[in-house]
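Biologist: Before I use any labels from this model, I would like to hear the reasoning behind them. Can we take them one at a time?

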Amino acid sequence: MLTPRLKTFLIAGIALLTALAATECSAAMDPAPADWPDYEYNRAPGEFKRNRYGIIDPSPDVVSLQQLPVDSYGFVDWGKAIRDGIIAPRDSISGKPPRLSPEDSQTFSGDVLIKSKMKFMPDVIFPHTAHTEWLKCSVCHPKIFKKKAGATPITMAGIWNGQFCGRCHDKVAFPTRNCFKCHSVPRQ
Ligand code: HEC
Ligand code: HEC
Ligand code: HEC
């Protein structure tokens, strides 16, 4: 059983931790430094960030989500954030270029038109560039998608079950609720 004194002690401890966590959060919401994004991110993981005079720069590396563009559903539009230069994801945690297999060093920026099986739904455009900015070819090829337009039997039920596009969308990429971000071909 907890004695009343121990209880008070525990409650005070929890209150202190909560207060600390709250200050941490508000610090993370600070705006990015004024000279961002020119800042040279060439640090080893865990190394202090320094300003141009070599003095430790305590400002956070993270950008507040509130500063990022959103789509018509209010979800962060990561594609636009990259295109507008608001974020510039590194190729690796260390900042060094990753070593790629010959398969992954290929480039491919074509958009793939995926015709809709059902007339009432607009066709889908799969944009490669928007994906290869984040992912290697081998993340998708050949396990999730065949490397040939129209060769993968993609269904919406499958996507909702976490297959095909649903391996990422609804999980780490924008949710499938946003139908027309994928079914984006204008209809006649
Ligand atoms: C992440 C991309 C993505 C999103 C978001 C998405 N779809 Fe799809 N959907 C596809 C792809 C790819 C196909 C396969 C090609 C086709 O048949 O249109 C598909 C197929 C379909 C089909 C054709 C029949 C079937 O079962 O395959 C329907 C209907 C459909 N989607 C409805 C929807 C609706 C409604 C939403 C929003 C609630 C939605 N989709 C959101 C990618 C998406
Ligand atoms: C996020 C998943 C994803 C990534 C990453 C990806 N692809 Fe694809 N790729 C697709 C999909 C989806 C298709 C269409 C498949 C289908 O319709 O069956 C496709 C089709 C292709 C095609 C066939 C195009 C055509 O017109 O027939 C080629 C070539 C291709 N990808 C090359 C690449 C290369 C090279 C990379 C890396 C630079 C890459 N892909 C990265 C998903 C991806
Ligand atoms: C391996 C993970 C993965 C798979 C599989 C995947 N996506 Fe994505 N997709 C992403 C990520 C990551 C983004 C960027 C973040 C975001 O927009 O939410 C993205 C963004 C997009 C965008 C927005 C592009 C832009 O310019 O903003 C579209 C459209 C899209 N995906 C369609 C599809 C369709 C259609 C499929 C299936 C044929 C698919 N994706 C499969 C990870 C994936």
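Biologist: Why does valine 124 count as buried?

Modeller: This is a predicted model, and the label comes from a neighbour count. Valine 124 has 20 C-beta neighbours inside 10 Å. The cut-off for buried is 20 or more, so valine 124 meets it.

Biologist: Where does valine 124 lie, and with what is it in contact beyond its neighbours within four places in sequence?

Modeller: Valine 124 lies in strand β2. Leaving those neighbours aside, valine 124 is in contact with Ile114, Ser116, Cys182 and His183. Serine 184 is 60 residues away along the chain, with its C-alpha atom 5.7 Å from that of valine 124. As for the whole protein chain, buried residues make up 2% of its 188 residues.

Biologist: Why is phenylalanine 164 called partly exposed?

Modeller: Phenylalanine 164 has 19 C-beta neighbours inside 10 Å. Partly exposed covers counts between the limits of 12 or fewer for exposed and 20 or more for buried, so a count of 19 puts phenylalanine 164 in that class. This residue lies in the loop between α5 and α6.

Biologist: What makes the phi of phenylalanine 164 worth listing?

Modeller: The phi of phenylalanine 164 is near 50 degrees, a positive value in a residue other than glycine. Aspartate 170 also has a positive phi, of about 80 degrees, although it is not a glycine. Aspartate 170 is placed in the loop between α5 and α6.

Biologist: How do you know that aspartate 170 is partly exposed?

Modeller: Aspartate 170 has 15 other C-beta atoms within 10 Å. That count falls between the two limits, so aspartate 170 is partly exposed.

Biologist: Why is asparagine 178 partly exposed, and which residues is it in contact with?

Modeller: Asparagine 178 has 15 other C-beta atoms within 10 Å, hence the label partly exposed. It is found in the loop between α5 and α6. Apart from neighbours within four places in sequence, asparagine 178 is in contact with Asp71, Tyr73 and Phe75. The C-alpha atoms of asparagine 178 and serine 72 are separated by 8.6 Å, with their positions 106 residues apart along the chain.

Biologist: Why is valine 62 called exposed?

Modeller: Valine 62 has 11 other C-beta atoms within 10 Å. The limit for exposed is 12 or fewer, so valine 62 qualifies. Valine 62 is in the loop between α1 (4-28) and α2. From valine 62 to isoleucine 87, 25 residues apart in sequence, the distance is 9.7 Å, C-alpha to C-alpha.

Biologist: What makes the peptide bond from histidine 141 to proline 142 cis?

Modeller: The omega of that bond is near 0 degrees. Proline 142 lies in the loop between α4 and α5.

Biologist: Which residues are closest to ligand 1, and which elements supply its shell?

Modeller: Of the 20 residues that surround ligand 1, the closest are Ser116, Lys117, Met156, Cys179 and Cys182. α5 (156-160) and α6 (179-182) each supply at least two residues of the shell. By class, the shell around ligand 1 has eleven nonpolar, six polar and three charged residues.

Biologist: What surrounds ligand 2?

Modeller: There are 23 residues around ligand 2, and Phe108, Cys137, Cys140, Ala149 and Thr152 are the closest. At least two residues each come from β1 (111-114), α3 and α4. The shell around ligand 2 has eleven nonpolar, nine polar and three charged residues.

Biologist: Which element gives the most to the shell around ligand 3?

Modeller: β2 does, with three residues. The shell around ligand 3 holds 23 residues, and Gly79, Ala130, Cys165, Cys168 and Ala173 come nearest. The class split for ligand 3 is 18 nonpolar, three polar and two charged.

Biologist: What is the mean pLDDT of the protein chain, and where is the pLDDT below 50?

Modeller: The mean pLDDT is 82, and 75% of the residues reach 70 or more. Over residues 22-30 the pLDDT is below 50, and this stretch has six contacts in the model beyond near neighbours in sequence. Where pLDDT is low, the predicted coordinates should not be read in detail.

Conventions
Residues are numbered from 1 along each chain as its sequence is written. Chains are lettered from A and ligands numbered from 1 in the order in which they are written. This is a predicted model: local features need pLDDT of at least 70, side-chain atom pairs count only at pLDDT 80 or more; totals for chains, interfaces and linings use all residues. A residue is near a molecule or strand if its C-beta atom, placed from the backbone, lies within 6 Å of it. Ala, Val, Leu, Ile, Met, Phe, Trp, Tyr, Cys and Pro count as nonpolar, Asp, Glu, Lys and Arg as charged, and the others, Gly among them, as polar. pLDDT is the predictor's confidence in each residue, from 0 to 100. Two residues are in contact if their C-beta atoms, placed from the backbone, lie within 7 Å.
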